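Could you show me around this structure while I have it open in the viewer? I would like to know what to select at each stop and what is there.

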Number of protein chains: 2
Amino acid sequence: MNNNAWGALSDDTRREIVMLLRSRPHTAGEISDQFELAPATVSHHLSVLKGCGLVKCERRAQTLIYSLNQSAFRALAKELTKLYS
Amino acid sequence: MNNNAWGALSDDTRREIVMLLRSRPHTAGEISDQFELAPATVSHHLSVLKGCGLVKCERRAQTLIYSLNQSAFRALAKELTKLYS
DNA sequence: CCTGTATTTCGATTGTTTTCTAATTATAGA
DNA sequence: TCTATAATTAGAAAACAATCGAAATACAGG
């Protein structure tokens with residue numbers, strides 16, 4: 001599903017992650033703590049979101065900090081608009 | 001995947017169907033003719049799009065005429081905007 | 001009522017996604 | 001270098017989705 005932002009957003013958990021990141025960047029651990037899922041599972045969801053460009057991440061010592069890629073969302077919004085109007 | 005518009009749009013064929021319908025309503029047969037897929041498969045895709053409200057359909061004698069549900073797309077666009085901004 | 005056309009539904013198969021546990025990588029600090 | 005912490009990757013099980021051919025439904029016209 002790499003590269004398919006629609007597919008990335010089709011999962012409930014991933015949309016919740018996006019909403020979390022909307023307020024501010026979070027570390028992988030902080031994100032993981034919000035869900036009743038194994039850290040590996042959340043890590044997988046983060047990699048899907050990263051794979052299609054909707055989120056980006058940068059390392060800071062041991063932690064990885066994830067944040068939204070606003071421009072990817074704007075591009076997707078544009079694509080959606082073109083789809084129906 | 002019923003009710004999940006993101007999931008509905010995650011499939012290439014379904015996005016192509018949406019683009020077809022953007023110009024004007026089409027019968028199931030006309031839609032099916034545009035793809036190298038069995039009619040049953042296209043019918044399935046139409047039912048997914050219908051299930052999440054992105055398209056609607058009405059019967060006209062033997063044929064079913066599919067068209068976009070613009071308001072569902074607008075609602076989705078709004079949801080997308082809320083997701084990141 | 002029977003036949004033909006349009007389309008869907010059913011059931012099976014194959015491929016993909018979600019989720020987990022266990023093992024691995026990356027980094028910091030003693 | 002060794003240990004601890006943060007997070008990912010690997011591999012497997014289970015759930016889900018895409019696709020097809022065959023059978024079923026809906027309707028129109030003779």
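Here is a short tour of this predicted model, going from the DNA to the protein interface.

**Stop one: DNA strand D.** Select DNA strand D and the 21 residues around it; A:Ser43, A:Tyr66, B:Ala38, B:Thr41 and B:His45 come nearest. Now colour those residues by class: you should find nine nonpolar, nine polar and three charged. For the elements behind this surface, show helix 3 (28-33), helix 4 (39-51) and strand 3 (63-68) of chain A, plus helix 4 (39-51) of chain B, each supplying at least two residues. Helix 4 of chain B gives the most, with four residues.

**Stop two: the phosphates.** Of the strand D atoms within 4 Å of the protein, 82% belong to sugar or phosphate, and the rest to bases. Zoom in on A:Gly29, where a backbone N or O atom lies 2.8 Å from a phosphate oxygen of DNA strand D. At A:Ala28, a backbone N or O atom is 3.3 Å from a phosphate oxygen of that strand. Then pick B:Arg14, whose side chain places an N or O atom 3.0 Å from a strand D phosphate oxygen.

**Stop three: chain A against chain B.** Select the contact, with 20 residues from chain A and 20 residues from chain B. The two chains bury about 1900 Å² between them, 68% of it on carbon and sulfur atoms. Highlight A:Trp6, A:Leu83 and A:Tyr84, which supply 38% of the area chain A buries against chain B, more than any other three residues. Which polar links cross here? There are six residue pairs in polar contact, and zero salt bridges. Finish on helix 5 of chain A, which gives the most to the side touching chain B, with nine residues.

Methods:
Residues numbered from 1 in each chain as written. Chains lettered and ligands numbered in written order. Predicted model: local features only at pLDDT ≥ 70, side-chain atom pairs only at ≥ 80, totals over all residues. Heavy atoms only, no water. Near = heavy atom within 4 Å. Polar contact = N/O pair within 3.5 Å; in protein donor to acceptor, adjacent residues only side chain to side chain. Nonpolar A, V, L, I, M, F, W, Y, C, P; charged D, E, K, R; others polar. Contact = heavy atoms within 4.5 Å. Buried area = accessible area lost by both parts, 1.4 Å probe. Salt bridge = Lys/Arg side-chain N within 4 Å of Asp/Glu carboxyl O.
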